[in-house]
Amino acid sequence: MEAIPDHPIRVKKLPGGVLTLVGGAFFHGGGRSCEDGRLRREAGRDISADCGIMLRGWLPNLCVSYRGKERAMKTDRREASAGGSVVWRGAAILGGAALLSKLIGTLQKIPLQNLAGDQVFGLYSAVYSLAVMWMTLASAGVPIAVSALVAEREAAGDSAGARRVLRSSLALLSGSGLAAFAILFLGADAFARWMGVSEAADAIRASSLALLFAPMTAALRGYSQGRLRMVGPAASQLAEQTARVAFMLIALLWAIERAWSPGATAAAVHGGLAVGGAAGLAAIAAWLLRERRRASGEGGKPGKSGGGKRSGGNSEYGEARLALLRRIAAVALPIAASSVVAPLFGLIDAFTLPRLLQSAGATAGEAMASFGEYNRGIALLQLIVMAAGAAGGALVPAMTAARTRGDRTGEREQAAFALRLGWLFGAAAAIGLAILARPINVMLFADDRGTAAMALLAFAALGGTLQAVYASLLQGLGDLRSPALNLAVAVLLKAALNALLAPSLGIGGAALAALAAYGAAALLNALALRRRLPPRAVAAGAGTAGAAAAGSPARGAWRLALALAAMAAAAGLLAALLEGLTRGLAPRAAALLTALPSIAAGAAAFAAALVAGGAVAPREWRALPGCGAGSRVDRLLLRLRAGRYEDLNP
């Protein structure tokens, strides 16, 4: 590892000319295409291990200059101004598609539980955790590795070399996908016994079919991303998720109409993984074929670029396939090792909870039904953590840019702002969901079973939100290892506490285990961040919004506490009133008319208390859409802060 003097980013040279900037981004390219001795890095990308690998942003046309023993980073602004907007727009498309895809995947669990019941929902959740783990093992990290090597060759004008990377990655992933499919399909009965639910075997076999498609899709997406073509991968993600959910609903209705057993119903639903995988593969393949035809129609001849030659400046790309496969694996395996940690939370529950509940006297069907009730709260927890991870990840490119400029003040401000948002969002979500757990449970899942576990899992939302935000900040600072290791420690803690608490407390014990595990992950990430940022910056975030401006983290914490109290009072009182007024209605209609107005009232009270107490400054809310200076919302918020000195100088 080489340090750049007087620069916050460290540089690591990987085999074959790939340059890793340990500041949250990969930058790669061909040095021979650069002028004046500069190694131009045509594209770079920032990665995250939170709930899988997700593209956060692309920084175009970064150059690294070598002057004797000194190294300095420069940005080629002339070319960046021409191509930067295109690259960032592509990153936004891909990131938005990934977020929407996750949202669809989480929300589809609600109709599944409503139509099939908790036992099928529990079976589906347990098998899905196992399938996600194997798909992660088979293909995680490969899109990043492939896109890095493809971009390297495209930067050098070696289109033939880029396609050689694609062919090698397809061969590698076809093999890994087939191996994973064989293990999961042939070992389905053994996996089901280890779960303690023998009827899960057919669902495991059905889910294994997705491994025939997902790895190849990952390679094609990585190839397209490496060529800075983001629309194709985005369309592929959405096609995959849409086809999966559509098939799931059709198969579910078919199974219910014919009164299939819970195991058979879960197996039919899991067929959607294979259908979605095939749809995603077909979408990205069709996109690349259309791109190839378009290039041919414009006079280009794919495959005949000068970069395909084995002589001259591009001779380094005429490497043997085995060496190329080793390079792909060298980049992909560390990323896969990090990304595989996140699915372990669900996998630990799937392999421990049903057996532990049965050891306490429940039958296999009762244990799986209880597991389904537990997963009601997990679905809501995942939504909250996903939103927090997306918000934290959105700040990573700004932090990376600040580090690139050497702007330590801007870097600290971005970190403090992200931490304030994490505390505000996480605390509000935890308190609100805990207070309204019963009406929300009935509104979404038709009855109030599992409400106590959902209320406990609500408090885990604070730890989950903070660990996601801290992880994004650490990745923005170039530390990709600590978040994964800390989450792995939290997974081990979850397994131990499940074994300790679940036999006596049931799913409530599992919820307490999740609360402790997410809290531990957040604490470990916070300690890792303190080693990389000055304590005052972390304290400013921990003190929540307004602390930095007021100069007192404790004052900011009190402001948050008062805002939370106002939110709890508004939501709780209104919910109690509405429950009385809607008592004669059908339970689900009454819950709907109670939950939604109470959520709105609590959110409004929380926002008003934050503004009135000075926890949010005008310059912060004016950065939000529709809240610009002079707008109606801005004038209303300023009136709430009437009399404060800050308003005179916003």
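1. Contact of helix 6 with helix 7. In this predicted model, Ala188, Asp189, Phe191, Ala192 and Met195 of helix 6 meet Ala201, Ile204 and Arg205 of helix 7. Six of the contact residues are nonpolar, two are charged and none is polar.

2. Geometry of the pair. Helix 6 covers residues 188–195 and helix 7 covers residues 201–208. Their axes lie 8 Å apart, at an angle of about 130°. The two helices are therefore oblique to each other. Their crossing is right-handed.

3. A salt bridge across this contact. The side chains of Asp189 and Arg205 form a salt bridge, at 2.8 Å from N to O. Asp189 belongs to helix 6 and Arg205 to helix 7, so the bridge ties together parts that are 16 residues apart in sequence. Asp189 has 38% relative accessibility and counts as partly exposed.

4. Helix 16 and the loop after it. Asp448 and Arg438 also meet through their side chains in a salt bridge, with 3.7 Å from N to O. Arg438 sits in helix 16 (437–445), and Asp448 in the loop between helix 16 and helix 17 (451–476), so this pair links parts ten residues apart in sequence. Both partners count as partly exposed: Asp448 at 38% relative accessibility, Arg438 at 43%.

5. A salt-bridge network. Arg449 pairs with Asp447 in a salt bridge, their closest N and O atoms being 3.1 Å apart. Arg449 is partly exposed, with a relative accessible area of 44%. Shared partners join Asp118, Glu373, Arg376, Asp447 and Arg449 into one network of salt bridges.

6. Overall count. The model has twelve salt bridges. Among them are Asp189–Arg205, Asp448–Arg438 and Arg449–Asp447.

How values were computed. Residues numbered from 1 in each chain as written. Predicted model: local features only at pLDDT ≥ 70, side-chain atom pairs only at ≥ 80, totals over all residues. Heavy atoms only, no water. Axes fitted to C-alpha atoms, helices over the stretch in contact; angles between N-to-C directions. Helix = DSSP H or I, 4+ residues; strand = E, 2+ residues; numbered from the N terminus. Parallel < 35°, antiparallel > 145°, perpendicular 65-115°, else oblique. Left-handed = near helix turned anticlockwise from the far one by under 90°. Contact = heavy atoms within 4.5 Å. Nonpolar A, V, L, I, M, F, W, Y, C, P; charged D, E, K, R; others polar. Salt bridge = Lys/Arg side-chain N within 4 Å of Asp/Glu carboxyl O. Buried < 20%, exposed > 50% of the residue type's maximum accessible area, 1.4 Å probe, protein only.
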